[in-house]
Amino acid sequence: MSARIISGQEVALQIRGEIRQEVEGLKSAYGISPGLVTIIVGRNPASVSYVTGKQKTAKELGFYSVQEDCPEDISKADLLALIDRYNKNPDIHGILVQLPLPGHINETDVLYAIDPDKDVDGFHPVNMGRLMIGEALFYPCTPYGIQQLLIRSNIEIEGSEVVVVGRSNIVGKPVAMMLCQKAKGANATVTICHTGTRDLASHTRRADILIVAAGRPKAITADMVKEGAVVIDVGVNRIGMTPEGKAKLCGDVDFDAVREKASAITPVPGGVGPMTITMLMLNTLNAAKRSLKCQ
Ligand code: NAP
């Protein structure tokens, strides 16, 4: 069997089409556009590339978008003051501070400073807590993208055995928490694995849906996957350069071998990646819609 390839590219395009329509509707009915500010500190090349992608997509979708480029040595006080200005700016519905931040700035303090109603990354502890009790305002973008990818690819989540490899606050824990909620598109039995897991393969082999966010190239080999499983590869590992000078990427799953065993699998690139930015846009659109209800 060769697995169906789940194209994040295609699903993301479909969702972006829906977002574009809603943006036009908001503009004509209320005269507002979803507003997104992206704040970057320093010039870390990976961060610059992520932020550029987010700004480009926001513009393509008709958002009002602003980019704040802060110097590497900005003080924490100045960064918090900048965030506060956007917390109070009614034209901005979403605030994204690109992580990681330089060592002299405590990331938790910065995440706390963002108004939870504008926290479109979904990383504010209030939003993490709301997600846990099933009352999320925003879902973190990558987990949200994974769930939508499964739903829109007609993969049965309810009642299935989901195994998540990785327990980070941005991917592993929130996706596990989302998929175990008593809700549509969730209601799965979820196991979380990490480096303290004694026999990783004994867990991964039970999975109907295997979600891998370990950041380790080819950590999941074919013998660790059940016949017919759905495999979502979140990992993005840089493993060299292409002749054109672009970064060569691979996921956390041994794609060529596992695709012969799985029923469906996401590629890297072109799987979860395109969904992440799209869900950021959806979160910002939803924040703008929610702001109307508050007026
Ligand atoms: P992270 O913070 O480094 O967390 C990795 C997790 O995987 C940790 O919980 C770690 O366990 C666990 N782990 C690592 N090696 C393992 C192994 N051999 N067996 C079992 N568990 C293992 O990473 P992250 O931020 O969640 O990101 C994970 C990957 O996804 C990275 O490659 C990242 O680039 C990618 N990513 C992609 C997107 C996207 O949009 N496509 C978005 C976010 C992240 P411990 O907790 O025990 O250390």
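**Exercises on a predicted model**

Setting aside neighbours within four places in sequence, Thr 191 touches Val 162, Val 163, Val 164, His 203 and Arg 206. The exercises below concern this predicted model.

**Exercise 1.** Describe the setting of Thr 191, beginning with the element in which Thr 191 has its place.

Solution. Step one is to locate the residue, and Thr 191 belongs to strand β6. Step two is to ask about accessibility: the relative accessible area of Thr 191 is 17%, and because the cut-off for buried is under 20%, Thr 191 is classed as buried. Step three returns to the contact list, where Arg 206 appears; the side chains of Thr 191 and Arg 206 are also joined by a polar contact of 3.4 Å.

**Exercise 2.** Determine how many disulfides the model contains, and explain the result for Cys 70 and Cys 193.

Solution. The criterion needed here is that two cysteine sulfur atoms lie within 2.5 Å. For Cys 70, the closest cysteine sulfur belongs to Cys 141 and is 20 Å away, so the distance is too far for a bond. For Cys 193, the closest cysteine sulfur is that of Cys 180, at 15 Å, which is again too far for a bond. The count is therefore zero disulfides. As for their surroundings, Cys 70 is buried with a relative accessible area of 9%, and Cys 193 is buried at 1% relative accessibility.

**Exercise 3.** Work out how the protein surrounds the ligand, using the nearest residues, the backbone atoms and the classes of the shell.

Solution. Begin with the shell, in which 20 residues lie around the ligand, and Arg 167, Ser 168, Thr 195, Val 236 and Thr 276 come nearest. Sorted by class, the shell holds eight nonpolar, 10 polar and two charged residues. Next, consider the backbone: a backbone N or O atom of Ala 213 lies 3.4 Å from a ligand oxygen atom, a backbone N or O atom of Val 234 is likewise 3.4 Å from an oxygen atom of the ligand, and a polar backbone atom of Val 236 is 3.0 Å from a ligand oxygen. Finally, the ligand taken alone exposes 930 Å², of which the protein buries 70%.

**Exercise 4.** Find the backbone features of Pro 100, Pro 269, Asn 154 and Asn 187, and state where each residue lies.

Solution. As background, most residues other than glycine have a negative phi, and most peptide bonds are trans. A cis peptide bond, with omega about 0°, joins Leu 99 and Pro 100, and Pro 100 is placed in the loop between β4 (94–97) and α4 (107–113). Val 268 and Pro 269 are also joined by a cis peptide bond with omega about 0°, Pro 269 being in the loop between β11 (264–265) and α10 (272–293). Turning to phi, Asn 154 has a positive value of about 60° although it is not a glycine; Asn 154 lies in the loop between α6 (141–152) and β5 (161–165) and is exposed at 70% relative accessibility. Asn 187 has a positive phi of about 60° too, sits in the loop between α7 and β6, and is partly exposed, with a relative accessible area of 35%.

Methods
Residues are numbered from 1 along each chain as its sequence is written. This is a predicted model: local features need pLDDT of at least 70, side-chain atom pairs count only at pLDDT 80 or more; totals for chains, interfaces and linings use all residues. Side-chain values use heavy atoms; hydrogens and water are left out. Buried means under 20% relative accessible area, exposed over 50%, partly exposed in between (1.4 Å probe, protein chains only). Helices (H or I, at least four residues) and strands (E, at least two) are DSSP runs, numbered from the N terminus. A polar contact is a pair of N or O atoms within 3.5 Å; within protein, one must be able to donate a hydrogen and the other to accept it, and residues adjacent in sequence count only if both atoms are side-chain atoms. Contact means heavy atoms within 4.5 Å. A residue is near a molecule or strand if one of its heavy atoms lies within 4 Å of it. Accessible areas come from the Shrake-Rupley method with a 1.4 Å probe; for residues, only the protein chains shown count as cover. Ala, Val, Leu, Ile, Met, Phe, Trp, Tyr, Cys and Pro count as nonpolar, Asp, Glu, Lys and Arg as charged, and the others, Gly among them, as polar.
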